[in-house]
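Open the model in your viewer and keep the selection panel at hand. The tour below goes stop by stop, naming what to select and what is there.

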Amino acid sequence: MMPGAVLLPYQQTWLADKSEVSVWEKSRRIGASWCDAADSALTAARKESAGGMDCWYIGYNKDMAEEYIRDVAFWAMHFHDVALEINEEVLEDPKGDILTFRVTFASGYRVTALSSRPTNLRGKQGKVVIDEAAFHPDLEGLLKAALALLMWGGRVRVLSTHLGVNNPFNELIQDIRAGKKPYKLHRTTFNKAVEAGLYRRICERKKEAWTQEGQDKWVKAMRAFYGDAAAEELDCIPAQSTGTWLTRMLIEANMDPGIPVIRWTPPAADFVDWPLDSAHREVRDWCEATLDPLLKLLPKDQWCYFGEDFGRTGDLTVIWPGVETSDLTVHTPFTLELRNAPFRTQEQILFHTIDRFPRLGGGALDARGNGQALAEYARQQYGPDLINEVMLSQGWYREHMPRLKAGLEDRSFTLPKNEAVLEDFRGFKIQQGVAKPPEARGKDEAGQRHCDSGVAAALMLFARATTEPADPWEPVSAPSQEYNRLMRGY
């Protein structure tokens, strides 16, 4: 009997994940360990030919171990596997005896709860569960020991709430989001669990009727119970996670004085009212004189990506190209800032630039608000396989900003040595555990800025990480003269 009907959707997703290494960033009180016990019971109950193996559970105290083993026994009986034995025993260890709790199945496999000493995993094979990982005194050592089991076909499952922004568990999560660790990441906040039916399931178990009023009261009581710690305990936001995200030293270490920052502003205050053909010729001449010499220097055999953060009359539009070099680092050939540029002008400059990339690998454009039109035009011109229309949101920043920081930390990403760019990158703030632009705008000598170049750079790296360029590469056809005449009026 499979537990799908018993478990909530996020619990079912955890059981369905058979990745070698899975990490669950979670709220308290959502039944994460309970559902993982179901996976351990199923795994140990199977024969080897069906994927059966021993399971090793590591909590940070005795009570957790006993509870997990009781949950495994519950699931075993739920699955009608009555041929099991539950016991506790003492294993000999050079540094002191270890009390273990164990469930043995008819298959011959066992689910065993151990203490959190890394040496306990030596010589073991099978699935390893590290529960409330942030609270273990030597998580790095535990992970190292657990990952050694993978060579024999095992699996590693790491579950935890947060315990501070500098905790090894949070660092592990940031490494996964940055692409440094090829692990599967799950995230379930308390609110998401409630939306998925957590309180309804509690009512069913207590044989009480569910009501919206009762759920609201329960949620309020849970948040009151955790008080100031609710953000960390329930919302998956590590504590002490406010303030500046990138240091000046880290940013400047990646800056190259040879990378130009190209800026375009209207040649006249009434430029938006110029005849379209005159405006088009003005911008064309500027592109040919200013951009083409730089675009001709791009290597012919390497993929070019770009990110674009959109602005019209307040914030800047920044176009950030990136060239993937032979050693898989990303070189920035130049950046392009447009201030107060009309919509048609932005399209013309963007397309002029993209059309001259020797090999277009992909791009990502800010598709919020007014930026949605330009993002859609680019998608129509270059195709949905190459263009990402990105709705920048709290969730997007959470998942994809770590890649930007990782590129700086690894020195695999170059920036122009420019004071305004420096301030854009320094402007990112940690807000509710997520790095993103603050509400307040900054300024340079030309006007308002809002981390625009930093967002464009993050979008470029996102495009590189998520776009599969065509292979063999085929050039994208330029817009026809008939298209220009009909759509632009040139």
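Start by selecting Trp56 and Lys124: Lys124 lies over the face of Trp56, 5.3 Å from the ring centre. Bear in mind throughout that this is a predicted model.

Next, select Arg200 and Trp210. Here the charged end of Arg200 sits over the ring of Trp210, at 3.6 Å from the ring's centre.

**Aromatic pairs**

Now turn to rings that pair with rings. The whole structure holds 20 aromatic pairs. One of them is Phe225 with Tyr226, an edge-to-face pair with 5.0 Å from centre to centre and 90° between the planes. Are the two partners buried or exposed? Phe225 has a relative accessible area of 60%, so it counts as exposed. Tyr226 is buried, because its relative accessibility is 13% and the cut-off for buried is under 20%.

Move on to Trp264 and Phe271. This pair is also edge-to-face, with ring centres 5.6 Å apart and planes at 65°. Trp264 is buried, at 4% relative accessible area, and Phe271 is buried too, at 2%.

Then select Tyr10, Trp14 and Trp24 together; ring pairs link these three into a cluster.

**The largest pocket**

Select Arg29, Ile30, Gly31, Trp34 and Glu67 to find the largest pocket, which has a volume of about 950 Å³. Those five are the closest to the pocket's centre among the 31 residues that line it. To see where the wall comes from, colour helix 2 (32-45), helix 3 (62-78), helix 7 (198-206) and helix 8 (212-226), each of which supplies at least two lining residues. Which helix gives the most to this lining? Helix 3 does, with six residues. Coloured by class, the lining shows 15 nonpolar, five polar and 11 charged residues.

**The second largest pocket**

For the last stop, select Val165, Asn170, Gln174, Trp245 and Lys405. They lie nearest the centre of the second largest pocket, which is lined by 32 residues. The volume of this pocket is about 580 Å³. Add helix 5 (168-177), helix 14 (394-409) and strand 20 (434-436) to the view; each supplies at least two residues of the lining. Helix 14 contributes the largest share, seven residues. By class, the lining of the second largest pocket consists of 13 nonpolar, 10 polar and nine charged residues.

Key
Residues are numbered from 1 along each chain as its sequence is written. This is a predicted model: local features need pLDDT of at least 70, side-chain atom pairs count only at pLDDT 80 or more; totals for chains, interfaces and linings use all residues. Side-chain values use heavy atoms; hydrogens and water are left out. On a 1 Å grid over the protein atoms alone, a cavity is a set of points where a 1.4 Å probe fits but cannot get out, and a pocket is an open set with protein on both sides within 12 Å along at least five of seven lines; lining residues have an atom within 4 Å of a point. Grid points are joined across faces, edges and corners, and a volume is the space filled by probe spheres set on the points. Helices (H or I, at least four residues) and strands (E, at least two) are DSSP runs, numbered from the N terminus. Ala, Val, Leu, Ile, Met, Phe, Trp, Tyr, Cys and Pro count as nonpolar, Asp, Glu, Lys and Arg as charged, and the others, Gly among them, as polar. Rings of Phe, Tyr and Trp (its six-membered ring) pair if their centres lie within 6.5 Å; planes under 30 degrees apart count as stacked, over 60 as edge-to-face and the rest as tilted. Buried means under 20% relative accessible area, exposed over 50%, partly exposed in between (1.4 Å probe, protein chains only). A charge sits over a ring if NZ of Lys or CZ of Arg is within 6 Å of the ring centre and within 35 degrees of the ring normal.
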